[in-house]
Amino acid sequence: MSEENLADTFNKMNAPFAKTMGVRMTLVTKSRVEGELDVTEENCTIPPTLHGGAIMAFADNMGGIGAFMNMPEGAMTSTIESKTNFLRAIPVGQVAKGVSTPVNIGRTLQVWKTEVFREDGKLAAVVTQTQIIRPGD
């Protein structure tokens with residue numbers, strides 16, 4: 001049986017910064033998160049390619065959603081470590097596509113890997129992040 005896709009729900013209730021960036025979820029399940037980000041002049045560096053910080057923020061949001069999907073009700077999550085390998089630039093005018101999958105789902109720590117692709121399907125970046133899971137207040 002396939003998992004329910006909660007992308008529409010997360011597009012409505014996503015973090016304010018992710019909304020400001022224009023992050024759009026296309027698939028949200030416990031085992032996979034997919035999203036898109038338009039590469040605009042506002043989120044580029046010089047030359048006009050997607051800024052590394054925008055790539056990292058895009059991936060961090062997606063990995064955080066994955067962690068949220070796998071934590072106990074009422075718990076909180078925070079990124080405690082993140083590492084990015086930048087492989088290729090994503091030019092202005094393209095849509096960056098991200099795919100986040102769990103590396104490890106633990107009781108207090110989760111590790112998520114997000115691959116960010118250009119429109120031609122080539123891998124542009126790999127982000128690995130660790131999320132801590134804390135009990136809610």
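Leaving aside neighbours within four places in sequence, methionine 21 is in contact with Leu37, Ala54, Ala57 and Phe58. I begin with this residue, and I should say at once that the model before you is a predicted one. Methionine 21 sits in helix α2. Its relative accessibility is 17%, and it therefore counts as buried, the limit being under 20%. For a sense of distance, the C-alpha atoms of methionine 21 and glycine 52 are separated by 13 Å, while the two residues are 31 apart along the chain.

Let me turn to asparagine 14. This residue is found in the loop between α1, residues 7-13, and α2, residues 16-21. Is asparagine 14 buried or exposed? With a relative accessible area of 7%, asparagine 14 is buried. Which side chain does the side chain of asparagine 14 join in a polar contact? The partner is asparagine 61, and the polar contact between the two side chains is 2.9 Å. Asparagine 61 also appears among the residues that asparagine 14 touches, together with Lys19, Val23, Met25 and Ile65; residues up to four places away in sequence are not counted here.

Both asparagines return when we consider the largest pocket. Its volume is about 370 Å³. The lining consists of 18 residues, and those nearest the centre of the pocket are Asn14, Ala15, Asn61, Gly64 and Ile65. Two or more lining residues come from each of α1, α2, α3 and β3, the last spanning residues 76-86. Which element gives the most to this lining? That element is α3, with six residues. By character, the lining of the largest pocket divides into 10 nonpolar residues, seven polar and one charged.

My last topic is the aromatic residues. The count comes to one aromatic pair. Its members are phenylalanine 10 and phenylalanine 68, whose ring centres are 5.8 Å apart; the planes stand at 80°, so the pair is edge-to-face, for which the angle must be over 60 degrees. The pair links distant parts of the chain, 58 residues apart: phenylalanine 10 belongs to helix α1, and phenylalanine 68 to helix α3, which covers residues 52-69. As for accessibility, phenylalanine 10 counts as buried at 6%, whereas phenylalanine 68 is partly exposed, with a relative accessible area of 39%.

To close, I would return to asparagine 14: a buried loop residue, joined by its side chain to that of asparagine 61, with both residues among those nearest the centre of the largest pocket.

Definitions and conventions. Residues numbered from 1 in each chain as written. Predicted model: local features only at pLDDT ≥ 70, side-chain atom pairs only at ≥ 80, totals over all residues. Heavy atoms only, no water. Helix = DSSP H or I, 4+ residues; strand = E, 2+ residues; numbered from the N terminus. Buried < 20%, exposed > 50% of the residue type's maximum accessible area, 1.4 Å probe, protein only. Polar contact = N/O pair within 3.5 Å; in protein donor to acceptor, adjacent residues only side chain to side chain. Contact = heavy atoms within 4.5 Å. Phe/Tyr/Trp six-rings, centres within 6.5 Å; stacked < 30°, edge-to-face > 60°. 1 Å grid on protein atoms, 1.4 Å probe; cavity = no way out; pocket = protein on both sides within 12 Å on 5 of 7 lines; lining within 4 Å. Points joined across faces, edges and corners; volume = space filled by probe spheres on them. Nonpolar A, V, L, I, M, F, W, Y, C, P; charged D, E, K, R; others polar.
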